[in-house]
6 protein chains.
Amino acid sequence: MTEKIGQCARRVAAIGTEVIAVSPDMGPASIESHYDEALSVPGILDEIRKGEAAGIDAYVIACFGDPGLYAAREAARGPVIGIAEAAMHAASLIGGSFSVVTTLERTCGIAWHLAERYGMQRFCRKVRACELNVLELERPGSDAYRIILAECRQAMEQDRVDSIVLGCAGMSDLCKAIAEELGIAVIDGVTVALKLAESLVQLGLKTGKRGDLAFPLAKPYTGPLEKFSWDRAPGLP
Amino acid sequence: MTEKIGQCARRVAAIGTEVIAVSPDMGPASIESHYDEALSVPGILDEIRKGEAAGIDAYVIACFGDPGLYAAREAARGPVIGIAEAAMHAASLIGGSFSVVTTLERTCGIAWHLAERYGMQRFCRKVRACELNVLELERPGSDAYRIILAECRQAMEQDRVDSIVLGCAGMSDLCKAIAEELGIAVIDGVTVALKLAESLVQLGLKTGKRGDLAFPLAKPYTGPLEKFSWDRAPGLP
Amino acid sequence: MTEKIGQCARRVAAIGTEVIAVSPDMGPASIESHYDEALSVPGILDEIRKGEAAGIDAYVIACFGDPGLYAAREAARGPVIGIAEAAMHAASLIGGSFSVVTTLERTCGIAWHLAERYGMQRFCRKVRACELNVLELERPGSDAYRIILAECRQAMEQDRVDSIVLGCAGMSDLCKAIAEELGIAVIDGVTVALKLAESLVQLGLKTGKRGDLAFPLAKPYTGPLEKFSWDRAPGLP
Amino acid sequence: MTEKIGQCARRVAAIGTEVIAVSPDMGPASIESHYDEALSVPGILDEIRKGEAAGIDAYVIACFGDPGLYAAREAARGPVIGIAEAAMHAASLIGGSFSVVTTLERTCGIAWHLAERYGMQRFCRKVRACELNVLELERPGSDAYRIILAECRQAMEQDRVDSIVLGCAGMSDLCKAIAEELGIAVIDGVTVALKLAESLVQLGLKTGKRGDLAFPLAKPYTGPLEKFSWDRAPGLP
Amino acid sequence: MTEKIGQCARRVAAIGTEVIAVSPDMGPASIESHYDEALSVPGILDEIRKGEAAGIDAYVIACFGDPGLYAAREAARGPVIGIAEAAMHAASLIGGSFSVVTTLERTCGIAWHLAERYGMQRFCRKVRACELNVLELERPGSDAYRIILAECRQAMEQDRVDSIVLGCAGMSDLCKAIAEELGIAVIDGVTVALKLAESLVQLGLKTGKRGDLAFPLAKPYTGPLEKFSWDRAPGLP
Amino acid sequence: MTEKIGQCARRVAAIGTEVIAVSPDMGPASIESHYDEALSVPGILDEIRKGEAAGIDAYVIACFGDPGLYAAREAARGPVIGIAEAAMHAASLIGGSFSVVTTLERTCGIAWHLAERYGMQRFCRKVRACELNVLELERPGSDAYRIILAECRQAMEQDRVDSIVLGCAGMSDLCKAIAEELGIAVIDGVTVALKLAESLVQLGLKTGKRGDLAFPLAKPYTGPLEKFSWDRAPGLP
């Protein structure tokens, strides 16, 4: 899935943008609950840590729950964009309303909460679940495409929306086919987030470091999380 | 001012993007009230009309009141982005809060209303006026830069924000200097809107035509507005 | 339609109130989109301009989108009332909820936005469209009454509302018949707006001129809109 | 105070409107808390009961807390208008914002809650207390006018509002003088409520009886409240 | 019903907590409208008055409309908890959403308004009525249990909620049976309110007396409400 | 600090309640940012995991950011209460408004977000920072008490609130002294959360497992987080 996501992103990247798709080396095999999300965050922050050392300009968190978004913004100098955030913003620019089509019903509340957090709740008409597990999206021979397409069609017909937001990074590669089949804008957050990150970098707009998103304070961490210790002086990443 | 805005946009445009800066040939000399805004819209829609005939991919409305945004979206196939909309969205991606620094107190309510409309009110801490007329921004020898800089400094220090949004297209060229002077992200909507428009075009995301933003219905217009008559079949611009 | 609206208003006007019903001499034949709305505004402002010269006490904008309401308030000394605004306010005084029955689905978003703008969203349970064109309301032999009545009945039965707001000035003359047929309060904004305008005039309450709704600033307008130039000193209409 | 309120109302009543000002014969001497408000309601409902028997067309509750508004609407056939409700509605029609100037700080929360309930919170910038007891407004030689005027002036200058709402029926007679002194719209709810009630009556708009505001169910009441027993069949007042 | 409510409360009371269940000696036989609610308040305040004289530590208002809650808080030193308030708070602690199952449709608006007032609207998915009169809950041989159970089942299945809030104190004794039958958390406000009141007492948290909920001001009351006169100095109950 | 928190909780625990205060063996030394918060969650979930194995009835997360609250609720059968959540709920029961006094300015946004999430934003008037590091609260000879007391006094005097919520578990032991010094209710979330958890346990109200908070799905975790693998069948913890 990581490779697939990387390809989707590279396909729309500007000349000169290098896309590095990584999967953290700690955490859950897929993210389908608050529990999974919470435990995916250390791995994400570890990648940010490595990225900062390597001088990365910007980051995209390619999971529709945008896990660890604000923690990542604290740790990074440049922009960090979540794909739910990106997709919802784009949807609000091209129409008056969108619906989200995601994997499991149990994560719909997370999507609504993100919509509220980003100010996008007023554009979000419905969050729909396909009751598909994330990894089912990767299984060869899976019926996932047909099921997702059907749910998108319902969103289009019943919710009267201007666009559909795909609620899982693993659906990125289906975006174009669904859009063509249904004749409605279908938004994959991975590609939008890539373009937003690129745009902010070009405009010189970095994560604000004067307030809530300042670099973490220097302090020790214990146990298996010791490597996250932030031992540099505050403000000097 | 039109030329200045065009230059700011071109400076950040991607390779292959052609920026055409136009000023409508009807309407007010500057936009500083609901009245001015309302009367600037026919001119904007006229440019959209010409643009559609010329096959333009996307539009930026370069006035911080985003006048005629939804009417323009109805008339256009591709994306139409307002600069207030663009700047506020960008601010919400790089920090938890922003303040707007605009020209006249009387337009602050308009900015707040836009923030609400776009879902950005929760990020907007204050809308501040410099009590500068728009055209004063263009007057050689004007004290505008100093006054705007002072207001931005107050926003930074008193409102505890992560970024400052410049509330007038005519301030675009001051953006970089203020950011450098103050050490805070300063956001000019013109450049952000250009990048958002470019991004949406590249992603193939066009204005939704199934609902509120469908093409206008065919009907005659009378008097000096006759040329706006929409005589093509609905759905076929 | 203008004459019909005038008659409805006159029927409820107080002794001493003179109702002048006018249709602007520029703009669309009917208003059914953001585009139509935006282009109806110059004509409305032209009437305000003439009205101010003639010493008119108050204005009613008799289109359910309340086009140009704030611009008109800037240009006028006395009150300016929109019919959507008036109808929604009245509905909130006689019950806990209302539904709007309007013409085209594509304008429902406009009605919702007005409800939000006026603080009336909390009382508005649904905006329902009849999929009738505005001018169909005027066509002899049209089936409009039956279709509107059916939609109102659905609003009454399904939305459990205390009243129904008619979402088009062209429905004014149907108000009484529907109310009698259904036994529910049916609100026509034209008559309510007339009474609100009369009331404000009698109470000496004029549009506030100290803030957002102050008279427009003096400045030239170009092209076919030249006559809108506001060349008097600010504050002196 | 009752007589004074009656006079203010009569001064703006239409020809043919008979204004009957009554003070309930049970309850507190003045209303300055939730406790007072709650205990003023039986007296108000008693007047409604008498009024319904007498065939009264509409009611105004002349206390800025609008005590018992919804209970009164249940008991009455015609409209019932609260003066806070009326004043706030009027303020929202003539400007973008208002402040309330009321008696005691402890009642400010009540005013805010009403503003929310009526959808008027978005227009209300501040609720200001003069720390005057209600009955002080009636005391000959009291300094009330000067104190209220000073607070209104502060509202005008600091809150940048378009109008001031007087937050006590006992201030009705000061309305004109303050408005003239300050040159800003000052709104007394008593007169506005009278005009709204008159307007609704003329338009044939009565309190909705199909839902939340249907007549109370028939049932016995015990103790000193026995006379409130509602023994008529529901729907037949 | 009073005795039943008392028993439910006693069953969960801590050792040392004495529960005194009282029914006011004035007011309606049941509470099913704004009118009933308003007229139940004097009786409630009378009990608070007696309770304060007797040194009661805390109060629970055992009617789902939480009638007179703020007036009671003014009159009492210790905490006063409404059962709707308590139940909704508890529901928000154990899940993301709840639905209310109450008696009559006409009171649903009251429940929604309380949810808003307490900040619990965001957790409340639906307010459902059984169209049962309150006293029907007490009638031997009544079908009430079956009807309420059926509505709770619908709430569980259709609203996808984590818990169900029973919307009437008279349903307290059904709580356990419904929970066991359906396998979902069913919340009775009486028992939760009792525990909240006990907890606040133990923590020494009393009703704030510095602002909106300060003791009523000393003043006379007239007529049958004379005994409510508050003749003690403010702040000295 | 863990021991201190445990003592505060034990002091108010009911007879029969056993309080076990633990500090996770992985994570940051203190929690003062999104980054710290995110990295404190694995340790918290590890304790929940151990607690579930040991048959713990309920959990309190004793950090004012309520880190990992929803993930913990998924992993636990019984209630899980955050101390910010608990304190804010209690404050809303005893008054109309509260202010939070917390440690660092940079965490104020987190507190506001929690207030919104819990529906408590409407009661929260201000979040105030003392600019004290969390560990400074523990340093012998620190000036922390004096600084916190001063900020609480400002909250009381300037914000006109009914209570003050202490915004850090490390302030628990100061609660009583500040309340006595200032004569206002001061709320420590640790003790309130303990009482809420106890109450829910006694009432048999457990975390809803039918929706968003169902047990995590079975799946492997990699790297240092391997022990979090959830290998039991869904629904069977």
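User: What makes C:Cys168 count as buried?

Analyst: In this predicted model, the relative accessibility of C:Cys168 is 9%, and because the label "buried" applies under 20%, C:Cys168 counts as buried.

User: How do you know which cysteine sulfur is nearest to that of C:Cys168, and what does the distance say about a disulfide?

Analyst: The nearest cysteine sulfur belongs to C:Cys63 and is 7.2 Å away; a disulfide calls for two cysteine sulfur atoms within 2.5 Å, and C:Cys168 is accordingly in no disulfide.

User: Why is A:Cys130 not counted in a disulfide with A:Cys152?

Analyst: The closest cysteine sulfur to that of A:Cys130 is the one in A:Cys152, at 6.7 Å, which is too far for a bond because the cut-off is 2.5 Å. A:Cys130 also counts as buried, its relative accessibility being 9%. Over all chains, a search of the whole structure finds zero disulfides.

User: Why is A:Glu47 called buried or exposed?

Analyst: A:Glu47 has a relative accessibility of 16%, and since buried means under 20%, A:Glu47 counts as buried. This residue is found in helix 2 of chain A, which covers residues 34-54. Leaving aside residues up to four places away in sequence, A:Glu47 touches A:Val22, A:Ser23, A:Pro24 and A:Asp25.

User: How far apart are A:Glu47 and A:Ile187, in sequence and in space?

Analyst: In sequence they are separated by 140 residues, and from C-alpha to C-alpha they are 26 Å apart in space.

User: What makes A:Glu198 count as buried?

Analyst: The relative accessible area of A:Glu198 is 15%, and because the limit for "buried" is under 20%, A:Glu198 is placed in that class. A:Glu198 lies in helix 8 of chain A, residues 189-202, and, not counting residues up to four places away in sequence, touches A:Ala13, A:Ala14 and A:Thr17.

User: Which residues of helix 1 of chain F are buried, and what do they pack against?

Analyst: In helix 1 of chain F, residues 2-12, the buried residues are F:Lys4, F:Ile5, F:Gly6, F:Cys8, F:Ala9 and F:Val12. They pack against helix 8 of chain E together with helix 8 (189-202) of chain F.

User: How do you know that chain E and chain F are in contact, and how many residues take part?

Analyst: On the criterion of heavy atoms within 4.5 Å, 44 residues of chain E are in contact with 44 residues of chain F. The area buried between chain E and chain F is about 3400 Å², with 61% given by carbon and sulfur atoms. Of the area that chain E buries against chain F, E:Leu93, E:Ile94 and E:Arg210 supply 22%, more than any other three residues.

User: How many salt bridges and polar contacts are found between chain E and chain F?

Analyst: The rule finds zero salt bridges across this interface, while 16 residue pairs, both at pLDDT 80 or more, are in polar contact. On the side of chain E that touches chain F, helix 8 of chain E gives the largest share, seven residues, and the residues of that side divide into 22 nonpolar, 12 polar and 10 charged.

User: What makes F:Arg106 and A:Glu74 a salt bridge?

Analyst: Their closest N and O atoms are 3.3 Å apart, and because the rule accepts such a pair within 4 Å, F:Arg106 and A:Glu74 form a salt bridge. Across the interface of chain F and chain A the rule finds six salt bridges, along with 29 residue pairs in polar contact, both at pLDDT 80 or more. The largest share of the side of chain F that touches chain A, eight residues, comes from helix 2 of chain F.

User: What area do chain F and chain A bury between them, and how many residues does each chain bring to the contact?

Analyst: Chain F and chain A bury about 3800 Å² between them, 59% of it on carbon and sulfur atoms, and the contact takes 45 residues from each of the two chains. F:His34, F:Tyr35 and F:Arg106 supply 21% of the area that chain F buries against chain A, more than any other three residues.

User: How do chain B and chain E stand to each other: touching or apart?

Analyst: Chain B and chain E do not touch, and their nearest C-alpha atoms are 17 Å apart. Chain C and chain F do not touch either, with their nearest C-alpha atoms 17 Å apart.

Terms used:
Residues numbered from 1 in each chain as written. Chains lettered and ligands numbered in written order. Predicted model: local features only at pLDDT ≥ 70, side-chain atom pairs only at ≥ 80, totals over all residues. Heavy atoms only, no water. Buried area = accessible area lost by both parts, 1.4 Å probe. Salt bridge = Lys/Arg side-chain N within 4 Å of Asp/Glu carboxyl O. Polar contact = N/O pair within 3.5 Å; in protein donor to acceptor, adjacent residues only side chain to side chain. Helix = DSSP H or I, 4+ residues; strand = E, 2+ residues; numbered from the N terminus. Nonpolar A, V, L, I, M, F, W, Y, C, P; charged D, E, K, R; others polar. Buried < 20%, exposed > 50% of the residue type's maximum accessible area, 1.4 Å probe, protein only.
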